[in-house]
Amino acid sequence: MSTKYTSRGEQLDKEKCVRESGGNQFELIIMAAQRAREIRSQNQHSNKMEHNHGVVTALLEIQNGKVDTEYYKKIK
């Protein structure tokens, strides 16, 4: 049985993600990668689609201001 999933990638705005991460694309990559690892480890047994694609969820959190430059300083 096939399940059809909708893409959340269309909601992403690259420019806004870069602005929210402090204007540096490399910091954005580091922040998104670390946050995606956290999401994956926190939701190992979750079947929710939003947890299956941690990178998209992480980028959406950065874009919406839930993860900011303070997060980068913490992981640095």
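Here is a short briefing on the fold, the core and the salt bridges of this chain. The model is predicted. The chain has 5 helices and 0 strands, and 29% of its 76 residues count as buried. Two topics deserve a good look: a nonpolar core of 10 residues, and a network of salt bridges that links Arg 35, Glu 38 and Glu 61.

**Overall fold**

- Following the sequence from start to end, you meet the pattern α-α-α-α-α.
- Among contacts with a separation of 6 or more, 67% are between residues 24 or more positions apart.
- The chain exposes about 5600 Å², and carbon and sulfur atoms supply 47% of that area.

**The largest nonpolar core**

- The residues to look for in the largest nonpolar core are Cys 17, Val 18, Leu 28, Met 31, Ala 32, Leu 59, Ile 62, Val 67, Tyr 71 and Tyr 72.
- Helix H1 (14–20), helix H2 (25–42), helix H4 (54–63) and helix H5 (69–75) each give two or more residues to this core.
- H2 provides the largest share of the core, with 3 residues.
- Ile 62 is a handy place to start exploring: leaving aside its neighbours within four places in sequence, Ile 62 is in contact with Cys 17, Glu 20, Leu 28, Met 31, Ala 32 and Val 67.

**Helix H4**

- H4 is largely enclosed by the rest of the structure, because 8 of its 10 residues are buried.
- Those buried residues are Gly 54, Thr 57, Ala 58, Leu 59, Leu 60, Glu 61, Ile 62 and Gln 63.
- Two of the names in that list, Leu 59 and Ile 62, also belong to the largest nonpolar core.
- After H4 comes Gly 65, whose phi is positive, near 85 degrees.

**The salt bridges around Arg 35**

- The structure holds 3 salt bridges, and Arg 35 takes part in a network of them together with Glu 38 and Glu 61.
- Arg 35 and Glu 38 meet through their side chains at 3.0 Å, N to O.
- Both of these residues lie in helix H2, 3 residues apart, or about one turn of the helix.
- The side chain of Arg 35 also meets that of Glu 61 in a salt bridge, at 2.6 Å, N to O.
- This pair links distant parts of the chain, since Glu 61 sits in helix H4 and Arg 35 in helix H2, 26 residues apart.
- Arg 35 has a relative accessible area of 15%, so it counts as buried, the cut-off being under 20%.
- Glu 61 falls under that cut-off too, at 16% relative accessibility, and therefore counts as buried.

**The salt bridge in helix H5**

- Glu 70 and Lys 73 form a salt bridge in which the closest N and O atoms are 3.6 Å apart.
- The two residues are separated by about one helical turn, because they are 3 residues apart in helix H5.
- Glu 70 counts as partly exposed, at 48% relative accessibility.
- Lys 73 has a relative accessibility of 56%, so it counts as exposed, the cut-off being over 50%.

Methods
Residues are numbered from 1 along each chain as its sequence is written. This is a predicted model: local features need pLDDT of at least 70, side-chain atom pairs count only at pLDDT 80 or more; totals for chains, interfaces and linings use all residues. Side-chain values use heavy atoms; hydrogens and water are left out. A nonpolar core is a set of buried Ala, Val, Leu, Ile, Met, Phe, Trp, Tyr and Cys residues joined through side-chain atoms within 4.5 Å. Buried means under 20% relative accessible area, exposed over 50%, partly exposed in between (1.4 Å probe, protein chains only). Helices (H or I, at least four residues) and strands (E, at least two) are DSSP runs, numbered from the N terminus. Contact means heavy atoms within 4.5 Å. Accessible areas come from the Shrake-Rupley method with a 1.4 Å probe; for residues, only the protein chains shown count as cover. A salt bridge is a side-chain nitrogen of Lys or Arg within 4 Å of a carboxyl oxygen of Asp or Glu.
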